[in-house]
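Me: I should like to go through this structure and ask how certain terms are justified. Please set each value against its definition.

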Amino acid sequence: MSWLLKRYMNTSLILRVTIALVLGVVVGLVGGDAVATWLGPVGDLLLRLLTFLIVPIVLFTLMVGINQSREGSVGRVGGKVFAYYLVSTALAIVVGLSVASLFSPGSGMTLDENASFTAPENPGLVDVILGIVPSNIIGAFAEQNLLGIIFTALVFGFALLKLRQSAQPAAAERLYEVIEGLNSVTLKVMAGVLHVVPIGVFAIVSETVSQQGLDTLLSLGDMVMVLYIALALQLVIYCVIMRLFGVRLRTFFREARTPMATAFATQSSSGTLPLTINAARRLGISRSVYGFSLPLGATLNMDGAAIRIAISAVFAANVIGAPLDFVSMVQIVLIGTLVSVGTAGVPGAGIIMIATVFAQVGLPIETVVLLTAIDALVGMGATALNVTGDLVGTTVIARSEGEKLSETPVEADDPSAVSR
């Protein structure tokens with residue numbers, strides 16, 4: 001037994017996650033409803049462990065990163081992050097519309113006249129912006145309001161930096177050493193949690209497949225196929241962008257594979273954040289870059305969800321026999337880009353975004369009923385691309401800052417990693 005455990009621990013994480021994905025699909029198809037009953041809690045445990053790490057990782061990583069960055073560099077990096085995320089989201093919607101227009105998913109289908117759907121309330125962009133400043137710090141941590149946590153880390157991180165640069169920095173230096181130590185402890189805990197990821201991925205995939213089944217996939221197979229074609233095309237665009245910035249794709253995907261696979265299984269960008277941060281760290285990206293861009297990307301950057309919006313809109317238009325014209329497509333690009341930010345971090349964000357865009361361009365909300373049947377299947381691919389887009393943006397921004405990626409993984413206990 002000890003030999004088997006040692007063999008498991010020494011096997012590469014991506015190999016373990018890949019095997020877990022394949023076994024999860026097989027067990028889910030064979031096991032049926034019993035799988036969801038037995039394995040559901042195991043998957044929930046993984047999500048709880050990953051969620052458990054989000055607050056300390058974001059808080060300590062960003063505070064340490066600010067105190068290790070050059071004066072003024074955080075503002076410059078922040079501007080690049082916002083610009084990249086807005087452009088990439090708009091580009092993703094254009095990709096989705098183009099692919100969907102080519103393949104025309106939903107053509108020939110009819111909408112059930114008795115179908116009804118009540119869309120969750122869209123909080124709006126203004127409420128999201130106001131939510132950046134938490135009225136209660138403890139509440140922001142308890143609710144895992146990532147934007148609020150980022151704001152808190154930025155404020156206290158800059159305050160600590162100013163104290164360290166003051167005439168009497170001794171106390172501030174001791175405080176910084178404590179925060180840096182807490183960050184190292186958090187990374188050590190994360191290293192332990194990583195060993196549980198394959199088991200949780202196996203459980204989540206088994207449960208999802210057992211609940212969805214082949215019937216759902218076959219009934220709306222054209223919609224699912226078009227979505228994954230668009231996701232693949234967006235991934236190709238990512239590769240082109242990275243090559244333009246001198247990023248070696250083999251080096252990038254060496255570390256990106258694990259968060260991509262985990263996001264695919266869990267359908268949670270925020271839940272995958274600890275693994276995405278770990279991938280950026282192992283790539284040798286500085287904390288001052290990934291500590292800001294990745295938490296922000298997990299709440300604001302939704303390229304996969306943007307593609308889902310575009311394809312869902314074309315699907316709905318084809319179902320009612322009214323294909324989208326050019327003006328409607330432009331509206332979808334503009335509205336979808338803003339809505340993807342305005343609904344960030346909200347439970348059921350995908351459905352909210354789709355329903356909001358449908359209402360704005362005059363598509364029937366009832367068509368969302370058809371899309372909910374394949375919500376998990378499309379959500380898996382969309383979330384994986386969301387996480388990939390975050391890491392691509394972080395890598396590109398790091399390269400624009402003159403950083404070089406590490407050809408060999410940077411380990412948590414590597415002394416050279418402490419200064420990064």
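Me: Why does Leu 187 count as buried or exposed, whichever applies?

Reply: This is a predicted model, in which local features need pLDDT of at least 70, side-chain atom pairs count only at pLDDT 80 or more, and totals for chains, interfaces and linings use all residues. Residues are numbered from 1 along each chain as its sequence is written, and side-chain values use heavy atoms, with hydrogens and water left out. Buried means under 20% relative accessible area, exposed over 50%, and partly exposed in between, with a 1.4 Å probe and protein chains only. Leu 187 has 9% relative accessibility, so the residue counts as buried. Leu 187 is placed in helix H8 (residues 170-194); helices here are DSSP runs (H or I, at least four residues), numbered from the N terminus. The C-alpha atoms of Leu 187 and Pro 56 are 9.5 Å apart in space, although 131 residues separate the two in sequence.

Me: How do you know which class Thr 394 belongs to, buried or exposed?

Reply: Its relative accessibility is 0%, and therefore Thr 394 counts as buried. Thr 394 lies in helix H18. Its C-alpha atom is separated by 7.9 Å from that of Ala 280, which is 114 residues away along the chain.

Me: What makes Val 133 buried, exposed or partly exposed?

Reply: Val 133 has a relative accessible area of 49%, so this residue is partly exposed. Val 133 is found in the loop between helix H5 (124-130) and H6.

Me: Which residues make the nonpolar surface patch?

Reply: The patch, of about 520 Å², is made by Val 133, Ile 137, Ile 138, Phe 151, Val 155 and Phe 156. Patch residues have over 30% relative accessible area and no salt bridge (a side-chain nitrogen of Lys or Arg within 4 Å of a carboxyl oxygen of Asp or Glu). Nonpolar side chains (Val, Leu, Ile, Met, Phe, Trp, Tyr) are joined within 5 Å, and like charges within 9 Å. Helix H7 (146-164) is one of the helices that supply at least two residues, and H7 gives the largest share, three residues.

Me: What lines the largest cavity, by class?

Reply: The lining has four nonpolar, three polar and one charged residues. Ala, Val, Leu, Ile, Met, Phe, Trp, Tyr, Cys and Pro count as nonpolar, Asp, Glu, Lys and Arg as charged, and the others, Gly among them, as polar. A cavity is a set of points on a 1 Å grid over the protein atoms alone where a 1.4 Å probe fits but cannot get out, and lining residues have an atom within 4 Å of a point. The lining includes Ser 269, Leu 294 and Asp 390.

Definitions and conventions
On a 1 Å grid over the protein atoms alone, a cavity is a set of points where a 1.4 Å probe fits but cannot get out, and a pocket is an open set with protein on both sides within 12 Å along at least five of seven lines; lining residues have an atom within 4 Å of a point. Accessible areas come from the Shrake-Rupley method with a 1.4 Å probe; for residues, only the protein chains shown count as cover.
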